[in-house]
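User: I have a structure open and would like to go through it in short steps. Can you take my questions as they come?
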There are 2 protein chains.
Amino acid sequence: MATADPVRPGFALPLLLLAGFRTLIDDLHAELAREGHPELRPLHGFVLQAVGADGTTATELGQRLGISKQAAGKTVDRLVAVGYLERVDDPSDARRRLVRVTPRGADGLRRSAEIFDRLRAQWTETLGPERVTAMEDDLGTMASANWFRLDVPGWFGG
Amino acid sequence: MATADPVRPGFALPLLLLAGFRTLIDDLHAELAREGHPELRPLHGFVLQAVGADGTTATELGQRLGISKQAAGKTVDRLVAVGYLERVDDPSDARRRLVRVTPRGADGLRRSAEIFDRLRAQWTETLGPERVTAMEDDLGTMASANWFRLDVPGWFGG
DNA sequence: GTAAGATAGTCAACATGGTTGACGAAATAG
DNA sequence: CTATTTCGTCAACCATGTTGACTATCTTAC
């Protein structure tokens, strides 16, 4: 087992990763607010992405996000209230209520993707393309495969 | 302005950063639980670190963490309840209640630092030392300077 | 020396996000 | 037809954050 680099304490790495994530997400939402989506919260973008173009149900959404169906339902309620999602009855199954992205939600998703592309371009300008791809490759190597879980508030806070 | 690399969509970068952070923190707390600290939550380690060896007050802790003094006080309450922090009266100012790390809290902090060092060593074994230092340097370049804010639950969820 | 202002901590009410348990309605299996 | 499963919701609760109001205490100004 290799010994730790004495010059580089291990605790800095998670802080830097969190700082990088937070910087990107803050920049995204600052730009989203300028482009007409000030209500979108960091969590909401992930939820919209998980709903997807085809729509889904609250139960399935909970499974995708790694949270309970009840929590998924409550989050959908709030996104419905601000106009990013809508609920429609499923004609083929009266138990199900399909959750769909509204046009406003689709606009937010499209802009988010464009803004993320621009932000990544800024990173490649500053760091060089090969450094950014190296970071992505290395994080893909080290990070757990099941990272698409959106229970971040409960996970972090307990 | 550079155009985005079409092969590398921008949205992957924040997800990879979050996944890397989460992987490290999850590994840390799995090992902490094995070493006798199963109650520690991700948030708690940051709070213990912010209290520091000299102790502090709830109001100052809130300022350090970027949260209100009330929120800091409530978090201190919970860490007192599980034995990681203690409150003592300040003999020089009857308004203040000093928050101090208990021996158990200090043990958790010490073990956290050691575990983070071991986790970083694992990363350098897999990726090579120069790739890890490059990642740290690049993140330090791109991330905002004021990253030590622990309002993550409220920030993320809204 | 006292009055006024600033500061520390707490209490209360509320929002957001999470959980588990219970339950009715509807689909499915036998 | 009946039994079981599935979907959605309701209710209660916990953890974290917020703002506003309040008391107690220290500090400052006169």
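User: What turn and shift lay chain A on chain B?
Analyst: This is a predicted model. In it, a turn of 180° and a shift of 0.0 Å along the axis lay chain A on chain B, with an RMSD of 0.0 Å. That is the relation of a two-fold axis. The same surface serves both copies, and 100% of the contact residues of chain A recur in chain B.

User: How many residues does the contact take from each chain?
Analyst: Chain A gives 57 residues and chain B gives 57 residues.

User: Which helices of chain A supply at least two residues each to that side?
Analyst: They are α1 (12-34), α2 (42-51), α5 (103-127), α6 (129-142) and α7 (152-157). The largest share comes from α1(A), with 14 residues.

User: And what about nonpolar, polar and charged residues there?
Analyst: The side of chain A that touches chain B has 34 nonpolar, 12 polar and 11 charged residues.

User: Let's back up to chain A by itself. How many helices and strands?
Analyst: Chain A has seven helices and two strands. Starting at the N terminus, the order is α-α-α-α-β-β-α-α-α.

User: What percentage of chain A counts as buried?
Analyst: Of its 158 residues, 37% count as buried. As for contacts in chain A between residues at least 6 apart in sequence, 50% join residues at least 24 apart.

User: Back to the two chains. At what angle do α5(A) and α6 of chain B pack?
Analyst: The angle between them is about 115°, and their axes are 11 Å apart. The crossing of α5(A) and α6(B) is right-handed.

User: Which residues make that contact?
Analyst: From α5(A) there are A:Trp123, A:Thr126 and A:Leu127, and from α6(B) there are B:Asp138, B:Thr141 and B:Met142. By class, the contact of α5(A) with α6(B) has three nonpolar residues, two polar and one charged.

User: Now swap the chains. How far apart are the axes of α6(A) and α5(B)?
Analyst: The axes of α6(A) and α5(B) are 11 Å apart, and the helices pack at an angle of about 115°. α6(A) passes α5(B) in a right-handed crossing. Here A:Asp138, A:Thr141 and A:Met142 of α6(A) meet B:Trp123, B:Thr126 and B:Leu127 of α5(B). That contact has three nonpolar, two polar and one charged residues.

User: Is there a helix pair inside chain B to look at? What do α2 and α5 of chain B do?
Analyst: The axes of α2 (residues 42-51) and α5 (residues 103-127) of chain B come within 10 Å and cross at roughly 105°. Angles of 65 to 115 degrees count as roughly perpendicular, so α2(B) and α5(B) are roughly perpendicular to each other.

User: Which residues touch there?
Analyst: On α2(B) they are B:Gly45, B:Leu48 and B:Gln49, and on α5(B) they are B:Gly105, B:Gly108, B:Leu109 and B:Ser112. By class, the contact of α2(B) with α5(B) has two nonpolar, five polar and no charged residues.

User: One last residue. Where is A:Pro103, and is A:Pro103 buried or exposed?
Analyst: A:Pro103 is in helix α5 of chain A. A:Pro103 is exposed, because it has 10 other C-beta atoms within 10 Å, and a residue with 12 or fewer counts as exposed.

User: How far in space is A:Pro103 from A:Gly83?
Analyst: They are 9.0 Å apart, C-alpha to C-alpha, and 20 residues apart in sequence.

Notes:
Residues numbered from 1 in each chain as written. Chains lettered and ligands numbered in written order. Predicted model: local features only at pLDDT ≥ 70, side-chain atom pairs only at ≥ 80, totals over all residues. Contact = placed C-beta atoms within 7 Å. Helix = DSSP H or I, 4+ residues; strand = E, 2+ residues; numbered from the N terminus. Nonpolar A, V, L, I, M, F, W, Y, C, P; charged D, E, K, R; others polar. Buried ≥ 20, exposed ≤ 12 C-beta atoms within 10 Å, placed from the backbone. Least-squares fit on C-alpha atoms with pLDDT ≥ 70 in both. Axes fitted to C-alpha atoms, helices over the stretch in contact; angles between N-to-C directions. Left-handed = near helix turned anticlockwise from the far one by under 90°. Parallel < 35°, antiparallel > 145°, perpendicular 65-115°, else oblique.
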